[in-house]
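These are my notes on the model, set out as numbered points. Please read them with the coordinates open.

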Amino acid sequence: MSSQQKSGAGSEAREAREARDSSWPNVLFHIHVHLAALYGVFLIITEAYYSTTLYAIFMVMLASLAVNTGAHRLWAHGSYKASFGLRVALMLAQTTVGQCSIYDWVLDHRIHHKHFGTEKDPYNHNRGFFFAHMGSRMLTKQAGYDDLAKEIDMSDLEEDKVVMFQKRYFWVLMPIVALLLPINFPVEYWGESILVSVYVAGFFRYCLALHMSWLVNSAILIWGLDPKARSSSDSNLVFIVTRTHWPHYHYMLPWDYQTGEFGTYGTGCSTAWIRVYCAAGWASELKTMDSAAVKEALTLAVDTGKPLVECLNKVGLEHASRIPDSHVLEFEKYK
């Protein structure tokens with residue numbers, strides 16, 4: 001690339017950054033939500049029933065499961081197919097996050113994947129964890145976002161009646177499912193005070209659920225190793241988390257249901273639950289990569305000169321269509 005081309009690319013990147021201004025309504029909203037959540041923590045320590053705290057944590061875990069196995073692996077990447085009943089359950093649980101509709105979540109995530117690590121990526125990890133995780137949500141959408149959205153094929157979701165029902169009635173469903181019912185539950189069933197329920201089952205739960213959903217796009221900076229580094233990171237995070245290249249693998253083969261959002265492969269809560277869905281007959285056609293497909297893809301790449309990622313996707317999807325659903329009972333063979 002010539003110096004003029006590099007200069008032009010650099011100026012385009014700077015223009016893309018400068019085009020995103022602070023969205024002050026979003027900034028103020030998140031400040032107030034986090035302050036209210038902190039007060040919820042104070043109430044957990046001083047006043048809330050243990051059952052209310054456990055209930056709030058359970059609801060966060062349920063919301064995270066719906067985002068990971070539903071919005072992310074099922075709808076964004078088509079890692080498996082789900083029955084009507086499972087799709088309804090995942091839709092309702094995802095609504096409790098109170099973030100946005102499944103349709104909008106998937107559209108945003110597919111743009112993120114298509115333009116991963118560039119200035120067109122809404123959550124460009126090259127700008128640091130805070131930007132990828134939260135900071136980008138306090139800015140206006142980048143210039144040309146609508147044009148980027150038009151490039152994304154959303155026909156699969158537009159044919160899903162569950163997704164389109166939620167999209168159409170999101171602002172009716174969300175206040176009921178994400179706010180009124182969760183806050184009323186502790187008050188109704190074990191006599192929690194309204195104040196505590198609002199701040200613990202309301203703001204505290206809502207804030208944590210948002211962060212769990214945001215981690216899908218920023219987790220690569222916590223659990224992912226730098227692919228350019230020749231040795232493991234010397235960060236103090238090694239004492240808390242295990243860093244691997246599996247997050248980068250996800251951006252190569254996003255349809256593999258075994259790739260965890262938090263740096264795992266073949267293990268993890270969400271992957272286990274997808275296997276449970278399948279074993280129970282609620283999910284089918286789980287897509288994953290096996291060693292035979294990797295060998296065939298490597299051979300194809302060498303013989304044809306095509307990019308390895310293209311070959312892995314082509315051969316991997318062909319092999320995935322032949323893997324029986326019963327493999328969830330002997331998954332050790334596919335790890």
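1. A residue is called buried when its relative accessible area is under 20%, exposed when that area is over 50%, and partly exposed in between. On that scale, 48% of the 335 residues in the chain are buried. The model is a predicted one, and the remarks below should be read accordingly.

2. Overall make-up. The chain contains 15 helices and two strands. Of the contacts between residues at least 6 apart in sequence, 70% join residues at least 24 apart. The chain exposes about 17500 Å², with carbon and sulfur atoms supplying 62% of that area.

3. Largest pocket. Its volume is about 700 Å³. Helices α2 (24–46), α5 (102–114) and α10 (194–218) are the elements that each give two or more residues to its lining. The lining has 27 residues in total, and those nearest the centre of the pocket are Asn-26, Gln-99, Tyr-123, Arg-137 and Lys-141. Sorted by class, the lining holds 11 nonpolar, 11 polar and five charged residues.

4. Second largest pocket. Here the volume is about 530 Å³. This pocket is also lined by 27 residues, with Met-61, Leu-62, Ser-64, Leu-65 and Cys-269 nearest its centre. Two or more lining residues come from each of α3 (50–76), α4 (84–95), α10 and α13 (269–279). Which element gives the most to this lining? It is α3, with nine residues. The class division is 17 nonpolar, eight polar and two charged.

5. Cavities. The structure holds two cavities of 30 Å³ or more. About 100 Å³ of space lies in the largest cavity. Its lining is made of His-72, Val-216, Asn-217, Ala-219, Ile-220, Pro-247, His-250, Tyr-251, Thr-259, Gly-260, Glu-261 and Gly-263. Both α10 and α12 (246–252) supply at least two of these residues, and α12 gives the most, with three. By class the lining comprises five nonpolar residues, six polar residues and one charged residue. Helix α10 therefore deserves a look in each of the three linings, as it is listed for the largest pocket, for the second largest pocket and for the largest cavity.6. Ser-197. This residue sits in helix α10. Is Ser-197 buried or exposed? Ser-197 has a relative accessible area of 0%, so it counts as buried. Leaving out residues up to four places away in sequence, Ser-197 touches Pro-182, Ile-183, Pro-186, Val-187, Glu-192 and Gly-202.

7. Aromatic pairs. There are 17 of them in the structure. One is formed by Tyr-39 and Phe-42, which are stacked, with 5.9 Å from centre to centre and 20° between the planes. Both residues belong to helix α2 and are three residues apart, about one turn of the helix. Tyr-39 is partly exposed at a relative accessible area of 33%, and Phe-42 is partly exposed as well, at 45%. Phe-170 and Trp-171 make an edge-to-face pair because their planes stand at 85°, with the ring centres 5.2 Å apart. In that pair Phe-170 is buried, at 4% relative accessibility, whereas Trp-171 is exposed, at 65%.

8. Aromatic cluster. Which residues form one aromatic cluster with Tyr-39 and Phe-42? The other members are Tyr-199 and Phe-203.

9. Val-328. This residue lies in the segment after α15 (308–320). The relative accessible area of Val-328 is 7%, so Val-328 is classed as buried. Setting aside neighbours within four places in sequence, Val-328 is in contact with Tyr-257, Arg-275, Cys-278, Ala-279 and Leu-286. For one of these, Arg-275, the C-alpha atom is separated from that of Val-328 by 5.5 Å, although the two residues are 53 residues apart along the chain.

Terms used: Residues numbered from 1 in each chain as written. Predicted model: local features only at pLDDT ≥ 70, side-chain atom pairs only at ≥ 80, totals over all residues. Heavy atoms only, no water. 1 Å grid on protein atoms, 1.4 Å probe; cavity = no way out; pocket = protein on both sides within 12 Å on 5 of 7 lines; lining within 4 Å. Points joined across faces, edges and corners; volume = space filled by probe spheres on them. Helix = DSSP H or I, 4+ residues; strand = E, 2+ residues; numbered from the N terminus. Nonpolar A, V, L, I, M, F, W, Y, C, P; charged D, E, K, R; others polar. Buried < 20%, exposed > 50% of the residue type's maximum accessible area, 1.4 Å probe, protein only. Contact = heavy atoms within 4.5 Å. Areas by Shrake-Rupley, 256 points an atom, 1.4 Å probe, with all protein chains shown as cover. Phe/Tyr/Trp six-rings, centres within 6.5 Å; stacked < 30°, edge-to-face > 60°.
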